[in-house]
Amino acid sequence: MSSTELYSRLREISLLEGTAALLDWDQQTYLPKGGGENRASQLELLATLRHERLTDPRLRAAAEAAAVSSDQSDQENGRALLRLLAREAKLPSTFIAERTRLGAQCFQVWCDAKPANDFAQVAPLLEKLISLARQETQLVGFDEHPYDALLDNYEWGGKISWVRPALLRLGDALPDLIARAEQRPPPQLDRALPLDRQRALSEALLGIVGMPADETRLDVAPHPFCTTIGRGDYRITTRFDEHDLFSALFSTLHELGHSFYEANLPLAWRGTPKGSAVSLGVHESQSRLFENIIGRSREFSQVLSRLIDLHGKKTVSPEEVYGAVNHVRRSLIRVEADEVTYSLHVIIRMELEIALIEGSLSVKDLPAAWNSLYKKYLGLTPPTDREGVLQDVHWYSGSIGYFPTYVLGNLYGGMIRRALPNLTAQVATGDLRSIGSWLTERIYAPGGIIQPRELIEGATGVPFSEEPFVAYLKEKVA
Ligand code: CO
């Protein structure tokens, strides 16, 4: 098989993935409730077709040939592809179909169980998903810890042995910083803004980050996310709260950071490993760079103040913006947490996931275990499961091993901040293009062919550690 045929097969697989992404986007934005069952069948079919193509022996043969080709790009794509195929080949298609169907079903039940505050309603399906995840660790295999087999799916090369200690050290450093930050009085600011003005503000951010208006859509979803349907089609979602203009602004900035990464991957290699995002941790480092390190800086507060004046028809001084978006308080809801307390929410989830996969924690004991870790790390007890174990979609759609990538994103972001030349001076100009070029050259250009930790260490010259992120937070709360 020639490399041309390899690339046309890969292109078809990426078309299937884009189609599934579109159906998933629709499920989270516009799908009427009655369509849930049918949507689960559609997604199951697409997942099965994708799996069939990925396990086709002819694709494997082509990847093997490419891996030893004299062309360097073919070689890199071939090697990266073989790694992906090896994992896929270990999972029988019946397993894939069952996991996809159960994930979609459990998601639908969770949509009712969360507002009803009824963990028992969704527990049986969650139990099945956890049991499938444990099965997956056996099917995929691991060197050190079963959880590594799941984490590696989201963060290539991710292992408990280096991820967990860094997260726990961060967790140890935070209480002191939180205590200091909490001494600041809460900002007094009227954050209300009509929804149409908030929409105009969010759309203005698209241009500031550098996303082309004719390739980007902005919609509303209860849990904001972004997805790539294909070249020239980036979907961002946000949620508007008429009482708090910053809620949508920062959620939009976050998702824009993700889309900026997707849109600036090497165009010529779309649909191949060289043109793909490398990991969720690196993805999250980009969203958090734009949302927090840039978005919540003193310099960007000036940019935002001008934007709010222009598109929001409201006067908020840069100092008021800065105070409002850097307010630190321990709270119960991860997605509403400030950047100092945020990582604790994730550490709690990582510890629970590890226990579920090791088998030392059962699903029926999960709500109580959740509450006791919130008490331990944040000193708070959720009054209901809705504000506790039911708050996040991940586990209920079958994503287990995903959470640590959020904090890895913070840690990579700290390393990038240390390496980015004249970051604050550039942000102050309100023109983020040279930051975008630096990121594109150093982090996006290799696509998905270098392990994430190695990629960020190489791009920044900073060894992996929680220290640069802790130093960043220390400066902010000083
Ligand atoms: Co994100």
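**View 1. Thr341, a buried residue in a loop.** With a relative accessibility of 0%, Thr341 counts as buried in this predicted model, since anything under 20% gets that label. Look for Thr341 in the loop that runs between helix H13 (318–325) and helix H14 (342–358). Leave out residues up to four places away in sequence, and Thr341 still touches Ile178, Val328, Arg329, Arg330 and Leu378.

**View 2. The cobalt ion and its protein donors.** Three residues reach the cobalt ion here: His254 and His258, each through NE2, and Glu284 through OE. These donors lie 2.1 to 2.3 Å from the cobalt ion. Read along the sequence, the donor residues follow the spacing H-x3-H-x25-E. His254 sits in helix H10 (residues 245–263) while Glu284 belongs to helix H11, so this pair ties together parts that are 30 residues apart in sequence.

**View 3. His254 and Glu284, seen one at a time.** Are these two cobalt donors buried or exposed? His254 has a relative accessible area of 9%, so it goes down as buried. Glu284 is buried as well, at 4% relative accessibility. The cut-off for calling a residue buried is under 20%.

**View 4. The cavity, a closed space inside the protein.** Searching the whole structure for cavities of 30 Å³ or more turns up just 1. The largest cavity has a volume of about 40 Å³. Which residues line the largest cavity? They are Arg288, Asn292, Ile293, Glu339, Gly409, Asn410, Gly413, Phe469 and Tyr472. By type, that lining splits into 3 nonpolar, 4 polar and 2 charged residues. To find your way around, follow helix H11 (280–294), helix H16 (404–419) and helix H20 (467–477), each of which gives at least two residues to the lining of the largest cavity. Helix H11 may ring a bell, as Glu284 from the cobalt view is in it too.

**View 5. The second largest pocket.** This pocket holds about 360 Å³ of space. Its lining is made up of 18 residues, and those lying nearest the centre of the pocket are Gln27, Gln28, Phe107, Cys111 and Pro222. Helix H1 (3–29) and helix H5 (93–113) each put at least two residues into the lining of the second largest pocket. H5 provides the largest share of that lining, with 5 residues. Sorted by type, the lining of the second largest pocket has 10 nonpolar, 5 polar and 3 charged residues.

Terms used:
Residues numbered from 1 in each chain as written. Predicted model: local features only at pLDDT ≥ 70, side-chain atom pairs only at ≥ 80, totals over all residues. Heavy atoms only, no water. 1 Å grid on protein atoms, 1.4 Å probe; cavity = no way out; pocket = protein on both sides within 12 Å on 5 of 7 lines; lining within 4 Å. Points joined across faces, edges and corners; volume = space filled by probe spheres on them. Helix = DSSP H or I, 4+ residues; strand = E, 2+ residues; numbered from the N terminus. Nonpolar A, V, L, I, M, F, W, Y, C, P; charged D, E, K, R; others polar. Donors = N, O, S within 2.8 Å, 3.2 Å for Na, K, Ca; no water. Buried < 20%, exposed > 50% of the residue type's maximum accessible area, 1.4 Å probe, protein only. Contact = heavy atoms within 4.5 Å.
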